[in-house]
Amino acid sequence: MKYILAFLLTSSLLFACDRQANKNSEKAGENEEVVKSKNVTETISTDIDKLGKLLDFSTYKPISVKFKYTYIDNLGQNKRISVSGPSDYSLEALLYFDTVTMEKFYEFDRNTEYDAPNFKKEEFNFDWLPNDIREELLNSNPNYHGHPDFFFGTGDNGKSWYLENKILIRKHTN
């Protein structure tokens with residue numbers, strides 16, 4: 001009788017753990033869409049932790065995000081590419097911040113000298129952006145030309161565009 005009871009308890013525990021694992025994987029699938037085509041993988045996600053692996057959130061962490069990460073595998077592991085080369089990627093991100101944090105960005109901007117980057121707002125008109133954000137971007141100040149990325153570790157390849165309590169980030173490897 002003890003063995004039957006132990007078997008039932010163990011089975012119940014394993015079943016409960018498996019259900020929880022399935023719920024977690026379903027939850028990850030809810031906030032992420034992955035499309036693979038030959039050597040290109042595109043991921044659209046709202047997972048702030050995943051984006052935190054691509055951007056540096058050590059100084060300012062957004063309250064929510066949405067991003068598209070495109071990875072182009074040029075390692076020569078398919079017939080299209082005969083000689084391997086470095087893989088490329090691009091990142092387009094929408095970062096949401098509270099008003100106090102956005103004021104810190106503006107304060108830094110007021111106290112820092114840098115060359116105006118002359119970015120075009122159309123560069124930030126990502127195809128996956130919600131319509132209200134696209135409209136805000138396209139109606140933003142025509143005299144504004146974006147910012148270099150001072151905070152998120154994208155280096156020389158990073159570009160940013162400030163909106164109301166939001167920052168758009170664009171980074172490409174070249």
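In this predicted model, β6 (158–163) and β7 (166–172) run antiparallel to each other, and their pairing extends over 6 bridges. Where the two strands face each other, Leu163 sits opposite Lys166 of β7. The pair belongs to an open sheet of 7 strands, whose order reads β1-β2-β3-β4-β7-β6-β5 with antiparallel pairing. Strands β1 and β5 (147–148) take the edges, and each has a single partner strand, so one side of each goes without a neighbour in the sheet.

Two helices are laid over this sheet. Helix α3 (99–110) crosses β5, β6 and β7, at about 115 degrees to β6. Helix α4 (131–138) lies across β4, β6 and β7 instead, and its angle to β6 comes out at about 95 degrees. Strands β6 and β7 thus turn up under α3 and under α4 as well.

What about the packing? The largest nonpolar core counts 31 residues, and those with the most contacts inside it are Leu51, Leu95, Phe105, Phe152 and Leu168. Two or more residues each come from α2 (48–52), β3 (64–72), β4 (88–96), α3, α4, β6 and β7. Strand β4 supplies the largest share, with 4 residues. Leu95 shows how these parts of the chain come together: leaving aside residues up to four places away in sequence, Leu95 touches Leu51, Leu55, Phe57, Pro62, Ser64, Val65, Phe152, Asn165, Lys166, Ile167 and Ile169. Among these partners, Leu51 and Phe152 are also listed with Leu95 as residues with the most contacts inside the core. Lys166, another partner of Leu95, is the residue that stands opposite Leu163.

Turning to charged side chains, the structure holds 8 salt bridges. One of them pairs Lys50 with Glu32, with the closest N and O atoms 2.6 Å apart. This contact ties together distant parts of the chain, given that Lys50 is in helix α2 and Glu32 in strand β1, 18 residues apart. Neither end is fully hidden or fully open: Lys50 counts as partly exposed because its relative accessibility is 37%, and Glu32 is also partly exposed, at 22%. That bridge therefore has one end on an edge strand of the sheet, as β1 has a single partner strand.

Arg110 has two acidic partners. Its bridge to Glu103 brings the closest N and O atoms to 2.4 Å, while the one to Glu107 spans 2.8 Å, N to O. Glu107 and Arg110 are about one helical turn apart, because 3 residues separate them in helix α3. Glu107 is partly exposed at 37% relative accessible area, and Glu103 is partly exposed too, at 38%. Elsewhere, salt bridges with shared partners join Glu42, Lys68 and Asp127 into one network.

Finally, a couple of backbone oddities are worth a look. Lys38 is not a glycine, yet its phi is positive, at about 55 degrees. The residue is found in the loop between β1 (32–37) and β2 (40–45). With 81% relative accessibility, over the 50% cut-off, Lys38 counts as exposed. Asn118, again not a glycine, likewise has a positive phi of about 55 degrees. Its place is the loop between α3 and α4, the helices that lie across β6 and β7.

Key. Residues are numbered from 1 along each chain as its sequence is written. This is a predicted model: local features need pLDDT of at least 70, side-chain atom pairs count only at pLDDT 80 or more; totals for chains, interfaces and linings use all residues. Side-chain values use heavy atoms; hydrogens and water are left out. Buried means under 20% relative accessible area, exposed over 50%, partly exposed in between (1.4 Å probe, protein chains only). A nonpolar core is a set of buried Ala, Val, Leu, Ile, Met, Phe, Trp, Tyr and Cys residues joined through side-chain atoms within 4.5 Å. Contact means heavy atoms within 4.5 Å. Two strands pair if DSSP finds at least two bridges between them. Axes are lines fitted to C-alpha atoms, for helices over the stretch in contact, and angles run from 0 to 180 degrees between N-to-C directions. A salt bridge is a side-chain nitrogen of Lys or Arg within 4 Å of a carboxyl oxygen of Asp or Glu.
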